[in-house]
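Please examine the structure shown below. The paragraphs that follow lead from the overall composition to selected strands, helices, cysteines and cavities.

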Amino acid sequence: MLVRRVDVGYGDFALRRLVSIKAVMPPAPILIGVAGIRLRRGRHRDGVWMRFVARQSELRELGALAAAAAGGRGGATLIVGEAGIGKSTLVQAAVESLDGWRVLRASGVEFESELPYAALHHLCAPVLEYRRELPAPQRLALETVFGLGAGAAPNPMLVGLAVLSLLGAAAQDVAVWCVLDDAQWSDEASRQALAFVARRVGADRIVMVFAARDVASVPELDRLPRLAVAGLAASEALDLLRLSALSNLDGPVLERIVAEAGSNPLALVEFARDADPLGLPNVVTGGVQGALEAQFTRRVLRLPARTRLALVLAAAEPLGDIMLLRRAMTVLGLDAADLTPVVEEGLVVAGPRLYFRHPLARSAVYRSADARTRRQVHAALAAATSADTDADRRTWHRANAVAVPDESIAAELERSAVRAHARGGFAAASAFLERSAQLTPDASRRAGRLLSAARARLQSGAPEAARELVNQARLGRPGTADRAELCLLDAMIDYHVSRSIPATLALADAAEGLDPDRAREIYLEAFASLMFSIDEPGRLRRLALRIQERVPRRRPPRAVDLLLDALLAQNLLPVDEAAPAMRRAVEAFLDQTRGADANPWWMERACVLSADLCDEVAMEQLTDRQVELARAQGAYAILPHALRFQAAARVMVGRIDDAAASIIEARAVDEAAGTTNLLGSDLTLAAWRGDTGRFREVREALRDWAGVEFTAVFYATGVLHNGLGGYEDALDALLVARDRQQQGSYVVSAFHSELVEAAVRARRPEEGKLSAAWLEDLARASPTSWAVGAHLLARALLEPGLGAHELYVGAIGRFAHTRVRGHYARARLLHGEWLRSVGRRAEARVELRAAHELLKTVGARAFADRAVRELAAIGEHPGVGETDPLNALTERELLVARRVASGAGTKEVAALLFVSPRTVDAHLRNIYRKLGITSRRQLRELQL
C-alpha cells in the first residue's frame with residue numbers, strides 16, 4: 001500500500017487526510033468528489049495531481065470571466081450556495097488556473113460584521129501602495145476609512161470610487177482577481193464599496209468574485225450576475241464517501257449519508273466521520289446546516305476541557321492572530337499544546353493565522369459554550385488586545401465580557417462609535433451605540449444612546465432599523481430634550497421613507513421643542529420641501545405663519561436664517577415687500593460661496609430665490625459654486641440635486657446643451673448611488689427641446705417616484721405646449737399650478753411669462769392679466785433687465801393695438817443686456833409673429849430669421865420650429881442645414897467629449913462619471929471613431 005496525501009477542499013480551507021491507495025493504481029480516474037475534485041493517475045511532486053472536473057460548467061464561467069478580463073473587459077459574479085457546498089473550493093480551483101494574476105482575498109467573519117470597512121481593508125491591504133497615484137480626495141477617503149489618516153467621514157460613493165481607482169492602478173501592472181468569501185458575514189460598508197466597484201470594471205483587467213449563501217443576505221450584490229452551486233451528483237457523492245470514510249461502510253449506510261447530506265460535500269465527509277458499519281446514529285434531521293452544526297458541536301463537547309476553552313477562545317477572535325491568541329491563552333492559563341488535538345484532527349488549520357476549517361465549525365464552537373465561558377474568553381481577548389493599536393476591538397471584547405450594566409464600558413463603546421462615524425461607518429457606529437445602551441445603568445442616558453444609535457442607523461440608510469431603536473428608547477425614561485429628539489427622529493424616518501406631504505408636515509411639527517437654531521433648520525427643510533409640491537390652497541401659508549410665530553429671530557442671523565426669513569416673506573408678503581429679504585438671503589449665500597469652509601447644502605434654495613428675483617448672474621454663480629463645492633467635498637447626497645438645479649439655471653439662460661451635460665452627470669451620480677432624485681429639471685430640459693417622448697418618460701417617472709404633482713411639472717408642460725403650438729393645453733396646466741400654488745412659485749418670472757404667452761395665443765387674454773400684474777410688481781421690486789424685459793413683453797402680448805411694437809422693442813432691448821438668451825430669442829419670435837399678424841412682413845422676416853437662428857443655436861428646437869412655420873407663412877423656407885456629427889454620440893460620450901475638450905484629464909473625467917480611467921479611454925476611442933478624429937487636440941478644435 002502507498003500512503004499519499006489528498007487535499008479534500010471545502011469552505012475556506014483544506015482537510016488533509018491520509019488515504020490508503022493500492023500500490024497498483026486502477027486505470028480509471030479516482031473521483032474524490034468534494035466540490036468536484038477528481039484525482040487521476042499521474043505524477044506531480046508528491047506523486048499525484050488533481051484536476052477539478054465535477055463543476056466544469058461553473059469553472060468555464062469563471063474561466064470566461066478571467067479570459068475577458070485579461071483582454072481588458074472586466075466582470076463580476078456572485079456565487080451562491082448553501083454552507084459547505086463547495087463555493088470556496090470552486091473559487092480556489094479557478095484561482096489555481098490563473099497564470100500571472102494578482103489575487104486579492106478577504107473573507108467575512110461573523111463576529112467582525114459590524115466593524116466598518118474591515119473586509120475591504122483585508123482585501124486592499126496588498127495594493128495600498130497604489131493609493132499614491134489616486135486623486136487627493138480619493139486617497140484621503142481611503143486613508144480615513146482604513147485609519148491611515150485623519151479626515152472627515154467620506155461618502156460611501158467616494159470610497160467606492162477610490163477602491164475602483166486603486167484596483168485599476170494595480171491592474172495596470174497585472175490583471176487582478178478579487179475574492180470576497182462568506183460575503184454574508186462581511187461588513188455592510190465593505191459590500192457597498194465592492195459592489196460599486198463590481199458594476200464598473202467593464203474596461204479594466206479586474207474580476208470581482210463574491211461568494212455568499214444566498215442573495216437575500218447580501219442585498220448590495222443583488223444586481224450582479226449569479227452563479228449557483230448545487231450539490232454533487234449522487235455518483236460523485238458516493239465516490240467521495242468511499243474514499244474519505246475511514247471505516248468500511250456498506251451500501252445502505254452510504255446511501256443514507258447521501259440522503260441526509262443532500263449531496264453537500266462538507267456534510268458528506270462530516271456525517272461519514274461518525275458513521276459505523278451498522279448505521280448512522282449521530283445524523284440529525286431538520287436541514288443540512290443544522291445537522292452540520294450539531295455534528296461539530298458533538299465533536300467539540302467530546303474534547304478535553306482545556307482544549308474546549310482554547311477552541312472557544314479561537315472562535316471569539318475573528319482575525320486568527322496567533323500572537324494575540326497566545327497572549328489571551330496565557331491570561332487563561334492555557335498554552336499552545338491545548339490546541340494541538342484540534343489542529344491534528346483538522347478542525348482548525350494553524351499557519352501564519354489560525355483558521356477554522358469552515359465557518360460553521362467556528363459558529364458551532366462559539367455557540368456550544370455557555371455564557372460564562374464566552375465572557376471569560378472575551379475578557380482574556382480584551383486583556384490581550386492593545387488599546388493603542390486596536391481600541392475598538394478591545395472595547396468590543398470588553399463589552400462582551402460583562403453581564404451587567406457598566407457605565408465605563410458603555411462610555412468606551414460611545415467613543416468607539418464616534419471613531420466609526422468619523423470613518424463613515426454609520427452602521428458600525430449604531431452597533432457600538434446599541435451595545436453601549438444595553439450596558440448603560442441610567443435609564444435616561446440609555447434612551448439618549450438609543451436615539452444616537454437610531455440617528456446612525458438612519459444615516460446608514462436603514463430607516464426601519466432606526467425606527468425599532470426609537471421605539472426602544474420610547475419604552476425607557478427619555479428626558480425632555482430626548483423626548484423632543486425622539487419625536488424628531490420619528491418624523492425624519494417617515495420623511496426619509498416617503499417624502500410625502502403628511503411626513504413633511506410631521507417634520508415641521510417635530511421641530512417644536514428643539515433649540516431655536518436647530519428648529520429653524522428643521523423648519524427650513526420642511527417648508528422648502530413643501531414649496532415644490534402642489535397641495536391644498538392655504539396650507540403653505542398656514543405653515544409659514546406658524547413658523548413665523550414660533551421661532552424667534554436670530555441675532556446675528558446665519559445665511560440659513562436669512563433663507564428661512566426670505567421664504568416666509570415670499571409666501572406671506574406682496575412681492576415688493578418680500579424682495580428685500582430675498583435679496584439679503586441671496587447676498588448672504590453669495591458671500592458664503594467665497595469662503596473656504598462654504599457649505600453647499602442650502603445653496604440650491606438661494607439659487608431659486610435669485611431666479612425669482614430675475615438675477616441670472618447670481619443664479620449661475622450659486623448653482624455653479626454649489627456643484628463645485630459638492631464635488632470637492634465628496635457631498636454626493638447633494639451633488640445630483642445641485643447638478644439638476646445647475647441644469648435648470650442653464651436652461652433659463654439658454655445654455656441647453658450645457659444643461660444636458662449637467663443632467664447626464666446627475667444621472668451618473670444617481671446610478672452610482674442606486675438612488676432616484678427629483679427630475680424636475682430633466683422635464684424642463686425636455687420641454688425646452690420639444691422632446692415629447694423624453695417628456696412623457698420623465699413625467700411618468702416623476703409621478704411614480706413622488707406620487708404628487710410638482711409646480712415644475714406644470715411649468716414644463718406649459719413650455720412644451722407653447723413650443724409645439726398647443727396653447728390651450730399649456731394654459732390649462734399653468735392655471736392649475738397658479739391656482740394651487742402660493743405666491744412663491746417655481747422660477748416665478750419664467751412661470752408667469754409662460755402663462756401670459758399661453759393665454760394670449762389661446763385667445764383667452766383675461767387669464768393672463770393676473771400674471772402680467774405680478775410681473776409688473778416684480779419689475780418694480782427687483783428692476784433687473786430680465787424682470788423689466790419680462791414685464792414689458794407681457795404688456796406687449798396683452799396690448800391690443802399698435803402700441804405693442806414699442807413694448808416689444810423695449811423688452812427685446814432689455815433681454816439683450818442679460819444672459820437669458822432663450823428668453824431673448826423667444827421675445828424676438830413673439831415680436832416677429834406680431835409683425836406678421838399686422839402685415840409688416842419685411843420686418844417680421846428679419847425678426848423671425850434672427851429668432852430661428854438663436855433658438856436653433858441654444859437648442860430650443862420646438863420654438864425654432866415655430867419660427868420656421870411663421871417664416872413659411874410669409875414664403876420663406878430656411879434650409880435644413882448639415883447634420884451635426886455630435887448626434888452620433890451617446891449622452892455619456894458627449895459628456896466625456898465636452899469635458900476632455902475643455903481640458904479635463906482622464907482621471908478627472910473618471911471621477912466625474914464614477915468609472916475607471918480605462919472606461920474613459922474606451923469612451924474616447926469610440927468618440928474619435930465616430931467623429932473621424934484621432935487626438936484630444938482635434939477634439940478641442942471642434943469647440944464643443
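The protein chain of this predicted model contains 45 helices and twelve strands. Of its 944 residues, 58% count as buried. Among the contacts with a separation of 6 or more, 67% are made by residues 24 or more positions apart.

A useful place to begin is strand S9, which spans residues 206-212. Seven of its seven residues are buried, so S9 is largely enclosed by the rest of the structure. In a regular strand, side chains alternate between the two faces of the sheet. In S9 both of these faces are covered: one side carries Ile 206, Met 208, Phe 210 and Ala 212, the other carries Val 207, Val 209 and Ala 211, and all of them are buried.

Which strands pair with S9? Strand S6, residues 75-80, pairs with S9 in the parallel sense over six bridges, and strand S8, residues 176-181, runs parallel to S9 and is joined to it by five bridges. Met 208 appears in both pairings. Ala 76 has Met 208 as its bridge partner in S9, and Cys 178 stands opposite Met 208 in S9.

Cys 178 leads to the question of how many disulfides the structure holds. The number is zero. For Cys 178, the nearest cysteine sulfur is that of Cys 124, at 7.3 Å, and Cys 178 is in no disulfide. This distance can be set against the cut-off of 2.5 Å between sulfur atoms that defines a disulfide. Cys 178 has a relative accessible area of 2% and is therefore buried. Cys 487, by contrast, counts as partly exposed because its relative accessibility is 43%, a value between the limits of 20% and 50%.

The next element is helix H14, which covers residues 359-368. Eight of its ten residues are buried, and the helix is mostly covered. The buried residues are Pro 359, Leu 360, Ala 361, Arg 362, Ser 363, Ala 364, Val 365 and Tyr 366. They pack against helix H10 (288-301), helix H11 (305-316), strand S12 (354-356) and helix H15 (371-384).

Glu 293, in helix H10, shows one part of this packing in detail. Is Glu 293 buried or exposed? At 14% relative accessibility it counts as buried, because the value falls under the 20% limit. Beyond residues up to four places away in sequence, Glu 293 touches Leu 360, Ser 363, Ala 364 and Arg 367. In an α-helix there are 3.6 residues a turn, so residues three or four places apart point the same way. The C-alpha atoms of Glu 293 and Arg 362 are separated by 9.3 Å, although the two residues are 69 residues apart along the chain.

Another buried helical position is Leu 622, which lies in helix H28, residues 616-633. Its relative accessible area is 0%, and Leu 622 is therefore buried. Once neighbours within four places in sequence are left aside, Leu 622 is in contact with Val 586, Phe 589, Leu 590, Thr 593, Met 603, Ala 606, Cys 607 and Ser 610. The C-alpha atoms of Leu 622 and Gln 592 are 9.8 Å apart, with their positions 30 residues apart along the chain.

The account now turns to internal space. Rolling a probe the size of a water molecule over the atoms shows where empty space is left. The count comes to nine cavities of 30 Å³ or more, and the largest cavity has a volume of about 150 Å³. Its lining comprises 16 residues, of which Ser 753, Glu 754, Glu 757, Leu 793 and His 823 lie nearest its centre.

Which helices each supply at least two residues of this lining? They are helix H35 (748-761), H37 and helix H39 (821-837). H35 gives the most, with six residues. By class, the lining of the largest cavity has ten nonpolar, three polar and three charged residues.

Helix H37, residues 785-798, also holds His 791. His 791 counts as buried because its relative accessibility is 11%. Not counting residues up to four places away in sequence, His 791 touches Ala 772, Leu 775, Glu 776 and Ala 779.

Note on methods. Residues numbered from 1 in each chain as written. Predicted model: local features only at pLDDT ≥ 70, side-chain atom pairs only at ≥ 80, totals over all residues. Heavy atoms only, no water. Helix = DSSP H or I, 4+ residues; strand = E, 2+ residues; numbered from the N terminus. Buried < 20%, exposed > 50% of the residue type's maximum accessible area, 1.4 Å probe, protein only. Contact = heavy atoms within 4.5 Å. 1 Å grid on protein atoms, 1.4 Å probe; cavity = no way out; pocket = protein on both sides within 12 Å on 5 of 7 lines; lining within 4 Å. Points joined across faces, edges and corners; volume = space filled by probe spheres on them. Nonpolar A, V, L, I, M, F, W, Y, C, P; charged D, E, K, R; others polar. Pairing = 2+ DSSP bridges.
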